Amino acid sequence: MYHLVIQRHTAPLSQDNLDHLCHIAAPISLEKFADDHGPNRGHNGARLRDIRSAGPGMRRALDAYCREHHIDWAIVPAGLHLGDFKLLAMDMDSTLINIETVDEIGAAVGKKDEIAAITAAAMRGEIADYATSLRQRVALLSRVPLASLDKLYTDTLRLNSGAETLLAAAKAAGLKTQLVTGGFTHFTDRLKQRLGFDRVAANVLGVKGEALDGTLIGDIIDGEAKKKAVLAFCDDLGCDPGEVLVIGDGANDLPMMNAVGFSVAYHAKPKVREAATAAIDHGGLDSLLHWFE
């Protein structure tokens, strides 16, 4: 059996919302809850228990209605607990944090728009060779002072809503945590220390003196490398890929999302949203804590 979890983050769920979604899903019972996590505290959700089906027809109907009414929804197996997972792995740029770091570094040399256009195409899945696209973008960062990266971390980079609550809950439930990103160690090193990630995979920027030299050092962390990093950690933990929860937003997250038991598209590109187990389009990262029993 499955449960349907619905959450509205901009306003409480109305009775009309609940009636319509019950008509689509035909649950055995319904229980309301108030979101008690992070900045969304007080906004309402509901768990529709033992729904009649989880087929594509019902999913299309749910998606159409929920998109129109700005409602997040997820269909999850009944009885699934957060602690049933062994590993939480997540992307960094636009998933854990609010920016695409390579784009913002480009702003320091007046090339943000040029770089951002390449990034957006790569995240939509329009560029097949992610590694080449990343090298193209990094080449444009030559001579950016390291001080600009420090300032970016301090002044611009912010955690997305609910990130700290989600990670704390995952650790409390016994999960290991992993940051897997096409971003850069200049930022992940600090985030690992700040948030306590157990393992990190990220790209290394080449440096000459006190500035970037426009190169990358070592292997590129692209989509396949992300998948390999997650599965390697899973293997080290002695867990099955079905016991891994992955969160991402871009096309380069699809390999690792498709390789595990439960994937979450966070404010994601359409191609990623369609492939994920569930999606968060409106709420914070901690929204998913309500999906599990």
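**Two sheets, a buried aspartate and a shared salt-bridge network**

Four strands make up an open sheet, lined up as β2-β3-β1-β4, with antiparallel pairing throughout the order given. Here two strands count as paired if DSSP finds at least two bridges between them, and the elements themselves are DSSP runs numbered from the N terminus (helices are H or I with at least four residues, strands are E with at least two). The edges of this sheet are β2 (29-34) and β4 (71-77), each of which pairs on one side only. From one strand to the next, the twist averages 20 degrees. The model is a predicted one, in which local features need pLDDT of at least 70 and side-chain atom pairs count only at pLDDT 80 or more, while totals for chains, interfaces and linings use all residues. Residues are numbered from 1 along each chain as its sequence is written, and side-chain values use heavy atoms, with hydrogens and water left out.

Sticking with this sheet, β2 and strand β3 (residues 44-49) run antiparallel and are joined by six bridges. Leucine 30, for instance, has leucine 48 of β3 as its bridge partner. Helix α2 (residues 56-68) lies across β1 (2-8) and β4, and runs at about 155 degrees to β4. For such angles, axes are lines fitted to C-alpha atoms (for helices, over the stretch in contact), and the values run from 0 to 180 degrees between N-to-C directions. Contact itself means heavy atoms within 4.5 Å. Just past the helix, in the loop between α2 and β4, sits histidine 70. This histidine 70 has a positive phi of about 55 degrees although it is not a glycine.

What about charge pairing around β2 and β3? A salt bridge is taken as a side-chain nitrogen of Lys or Arg within 4 Å of a carboxyl oxygen of Asp or Glu, and by this rule the model holds 16 salt bridges. One of them runs between arginine 49 and glutamate 31, whose closest N and O atoms are 3.2 Å apart. That pair links distant parts of the chain, with arginine 49 in strand β3 and glutamate 31 in strand β2, 18 residues apart. Arginine 49 also meets glutamate 293 in a salt bridge, at 3.0 Å from N to O. Since arginine 49 lies in strand β3 and glutamate 293 in the segment after β11, this pair ties together parts that are 244 residues apart in sequence. Burial is graded by relative accessible area (buried under 20%, exposed over 50%, partly exposed in between; 1.4 Å probe, protein chains only). Arginine 49 counts as buried because its relative accessibility is 19%, whereas glutamate 31 at 32% is partly exposed, and so is glutamate 293 at 36%.

Elsewhere, arginine 124 and glutamate 126 form a salt bridge with the closest N and O atoms 2.7 Å apart. Glutamate 126 counts as exposed at 53% relative accessibility. Back at arginine 49, salt bridges with shared partners join Glu31, Arg47, Arg49 and Glu293 into one network.

The other open sheet has seven strands in the order β8-β7-β6-β5-β9-β10-β11, and its pairing is mixed. Its edge strands, β8 (211-217) and β11 (278-280), each pair on one side only. The twist there averages 25 degrees from one strand to the next. Strand β5 (residues 87-90) pairs with strand β6 (residues 176-184) in the parallel sense over four bridges, and lysine 176 in β6 is the bridge partner of leucine 87. Helix α5 (residues 130-139) lies across β6, β7 (199-208) and β8, at about 165 degrees to β8. Helix α7 (residues 163-172) lies across β5, β6 and β9 (244-248), at about 155 degrees to β5.

Following β5, the loop leading to α3 (101-107) holds aspartate 91. Is aspartate 91 buried or exposed? Aspartate 91 counts as buried because its relative accessibility is 4%. Its side chain is joined to that of threonine 95 by a polar contact of 3.1 Å. A polar contact is a pair of N or O atoms within 3.5 Å; within protein, one must be able to donate a hydrogen and the other to accept it, and residues adjacent in sequence count only if both atoms are side-chain atoms. Leaving aside neighbours within four places in sequence, the contacts of aspartate 91 include Leu179, Val180, Thr181, Lys226, Asp249 and Asp253.
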